[in-house]
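I sat down with this one to look up where to trust it, how two of its helices meet, and what spaces lie inside and on it. My entries follow in the order I made them.

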Amino acid sequence: MPMNAALQGIADGGHATHAHTGAWVAGVLRARISAGQLPPGTKLSEQKLSEALGVSRNTLREAFTVLAGESVVQRIPNRGVYVAAPGAEDVREIYRVRRLIEPAAVLWGEKTEGTLDRLDAIIAGAREALAAGSIPGMADANQELHKTLVSLSGSASLDELMEKVLAEMRLVFHAMATTPDFHSHYVERNAALVDQIRSGQREEAAAELRRYLDAAEQELLAHIGAIPA
């Protein structure tokens, strides 16, 4: 998707007077990357972004510094700032974080009926995407499911951390865009995981989630050539 299209509506809804900060801009861009609207390699034009967001270039540069520290964007001297393409060590770091926070949220988080219904709806959407052969649909559902699992923790700080992780994950998924089986065989694993959580099998669900994340990490590393297939 061209950056101009990705920026459509980026400033909808108005801003609080205190919102024009580097952290706020970083959050907006991170959310767009997490949603798959700014793929790896996209050049982030200072002029276009500052105009779309109504912020100064200095504020935008503050946001780029934040996102560069998260490995979501990459500064290339004399060329500009680009959405990053994660490498093998980035993938390993993503999964180190995910293995700690996701099973913990499943094991000890607050299980509400509303959250369970949300998880059921995500699974239904993933199955529809699978039936339609929609790789983006399956990827979207997977992202939303894992975000919702972390929300069981009730922690705004962990939700924010997971948003950062999912932004990087979305960049990793672009490497798998021509590999539908990567997404398809996790649809029913996700469904089984939700069934375990709903039935109160938290320890089993947490253990299965760790195995699941281990398998996904190995598959991704093999696909990018970091380990033998």
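**Entry 1: confidence.** I started with helix α1 (residues 3–6), where confidence in the protein chain is lowest, at a mean of 58. Helix α6 (residues 113–132) sits at the other end of the scale, with the highest confidence, at 96. This is a predicted model, and I wanted the overall score too. The chain averages a pLDDT of 87, and 89% of the residues score at least 70. I flagged residues 12–18, where pLDDT stays under 50. For that stretch I found 3 contacts beyond four places in sequence in the model.

**Entry 2: α3 against α4.** How do helix α3 and helix α4 pack? I read off an angle of about 105 degrees between α3 (residues 46–53) and α4 (residues 57–69), with the axes 9 Å apart. Angles from 65 to 115 degrees count as roughly perpendicular, so that is the word for α3 and α4. Next I listed who touches whom. From α3 come Glu-46, Gln-47, Leu-49 and Ser-50, and they meet Arg-57, Leu-60, Arg-61 and Phe-64 of α4. Sorted by class, this contact has 3 nonpolar, 2 polar and 3 charged residues.

**Entry 3: the cavity.** I then searched the whole structure for enclosed space and got 1 cavity of 30 Å³ or more. Its volume is about 140 Å³. The lining has 17 residues, and those closest to the centre are Asn-142, Phe-173, Phe-182, Tyr-186 and Tyr-212. Which helix gives the most to this lining? I found α9 at the top, with 5 residues. At least two lining residues each come from α5 (88–108), α7 (135–151), α8 (156–174), α9 (180–198) and α10 (202–223). By class I noted 12 nonpolar, 4 polar and 1 charged residues around the cavity.

**Entry 4: the largest pocket.** Moving on to the open spaces, I noted a volume of about 200 Å³ for the largest pocket. It is lined by 11 residues, and nearest its centre I found Ile-135, Pro-136, Ala-139, Arg-170 and His-174. Helices α7 and α8 each supply at least two residues of this lining. The most come from α7, with 4 residues. The class tally here is 6 nonpolar, 3 polar and 2 charged.

**Entry 5: the second largest pocket.** This pocket has a volume of about 170 Å³. I wrote down its lining: Glu-70, Ser-71, Asp-90, Glu-93, Ile-94, Val-97, Leu-161, Lys-164, Val-165 and Glu-168. Two or more of these residues come from each of α5 and α8. What is the make-up of this lining by class? I counted 4 nonpolar, 1 polar and 5 charged residues.

**Entry 6: a look back.** Helix α8 turned up in several of my lists. I have α8 supplying at least two residues to the lining of the cavity, at least two to the largest pocket, and two or more to the second largest pocket. Helix α7 also supplies residues to both the cavity and the largest pocket, while α5 is listed for the cavity and the second largest pocket.

Definitions and conventions. Residues numbered from 1 in each chain as written. Predicted model: local features only at pLDDT ≥ 70, side-chain atom pairs only at ≥ 80, totals over all residues. Heavy atoms only, no water. 1 Å grid on protein atoms, 1.4 Å probe; cavity = no way out; pocket = protein on both sides within 12 Å on 5 of 7 lines; lining within 4 Å. Points joined across faces, edges and corners; volume = space filled by probe spheres on them. Nonpolar A, V, L, I, M, F, W, Y, C, P; charged D, E, K, R; others polar. Axes fitted to C-alpha atoms, helices over the stretch in contact; angles between N-to-C directions. Parallel < 35°, antiparallel > 145°, perpendicular 65-115°, else oblique. Contact = heavy atoms within 4.5 Å. pLDDT = per-residue confidence, 0-100.
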